[in-house]
Structures are given as structure tokens and as C-alpha cells.
Amino acid sequence: MSESLIDAETRRFIEGQRVGRLATAGADGAPHVVPVVFALVGDDAYVVIDEKPKTTLRLRRLRNIAENPRAALLVDVYDEDWSRLRWAMLRGPAAVLEPGPVQAAAVAALRARYRQYAAMALEDRPVIRLRVERVSVWRADAGA
């Protein structure tokens, strides 16, 4: 098994956050960023298109991934004490998974992380997989 791109400290930080921001862009390069909940499994991050109210299931993030698979997930902490600021960005190709074993494992990981998903029918819902190829981290106290 190859070594993870995400070091243990960064993984603990990412897994300690409840929300991230998923950035995608379509063929035209126009950025689109949405807040998401996520699960990190190995060097893959997963986001499900859940049952929360949406005006359409033809979401821009899904259309963008079909046109341009390059995506990023940003996880951060803000504090009025700026010495506590920190973020991690995961970048790589994204894909929309169809129902199957990988999608089912992603749904299980998301359910384990978010109790709200226990009551939602997610088995046939699209799941976005971001394959992490690059990790960028920053923290205000890194020089301390």
C-alpha cells in the first residue's frame, strides 16, 4: 500500500471539521463553491447529494465535474484570535459515482460521520469522489 498524501496531523485536523467548501469549475472556468459535509477515506474525500431541499438535482457542481473534473475541498477554522487560523485544501480529479460498492462504502462513511444521514435514503443518490493528488496546508502558528 502506498503512503498517504495526507499526513496524520493534517488528517486529524480535516476529520475534526464538520463542514468544508467544495470548489468546481465548468468548461468555461467559472468557479463555483458550495459548503458541504464530507467523509475522508484514505486519500479520497466523499460528498453525497443528499435529501436536503434543493431546487433541482441537476446541480451545478455535478455539471461542472462532468465538464471539468478538477476540483478542491477546503476545510478551515476561523477565530477572532488570528493566531488560531488554519486551513487545509485537498485538490484532485472528481467523479460522480453511480450506485455500487464504492458508492455504498462512501455512504456508510458519511452516515458514520453525520447522524442526520441515518434517516435519509442515500443508496441511490449521487456521490462525489475527490481523489486527492495535492494537499496544501497553512496555519497561523506554524512559525511558533
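1. Asp-81 has a relative accessibility of 31% in this predicted model, and it therefore counts as partly exposed, since that class lies between the 20% and 50% limits. Its salt-bridge partner is Arg-84, with 3.7 Å between N and O of the two side chains. Arg-84 is exposed, its relative accessible area being 53%.

2. A second pair worth following in the structure joins Asp-43 to Arg-11, whose side chains form a salt bridge with an N to O distance of 3.4 Å. Because Asp-43 sits in the loop between strand S3 (39-41) and strand S4 (44-48), while Arg-11 belongs to helix H1 (residues 8-15), this contact ties together parts that are 32 residues apart in sequence. Both Asp-43 and Arg-11 are buried.

3. Asp-44 takes part in a salt bridge with Arg-131, and here the closest N and O atoms are 3.3 Å apart. Arg-131 lies in strand S7 (residues 127-131) and Asp-44 in strand S4, so that parts 87 residues apart in sequence are tied together by the pair. The two residues should be described separately as regards exposure: Asp-44 counts as buried at 12% relative accessibility, whereas Arg-131 is partly exposed, with a relative accessible area of 41%.

4. Some charged residues are connected beyond a single pair, for Glu-9, Arg-86, Arg-139 and Asp-141 are linked in a network of salt bridges. In total, the structure holds nine salt bridges, among them the pairs Asp-43 with Arg-11, Arg-131 with Asp-44 and Arg-84 with Asp-81.

Key
Residues are numbered from 1 along each chain as its sequence is written. This is a predicted model: local features need pLDDT of at least 70, side-chain atom pairs count only at pLDDT 80 or more; totals for chains, interfaces and linings use all residues. Side-chain values use heavy atoms; hydrogens and water are left out. A salt bridge is a side-chain nitrogen of Lys or Arg within 4 Å of a carboxyl oxygen of Asp or Glu. Helices (H or I, at least four residues) and strands (E, at least two) are DSSP runs, numbered from the N terminus. Buried means under 20% relative accessible area, exposed over 50%, partly exposed in between (1.4 Å probe, protein chains only).
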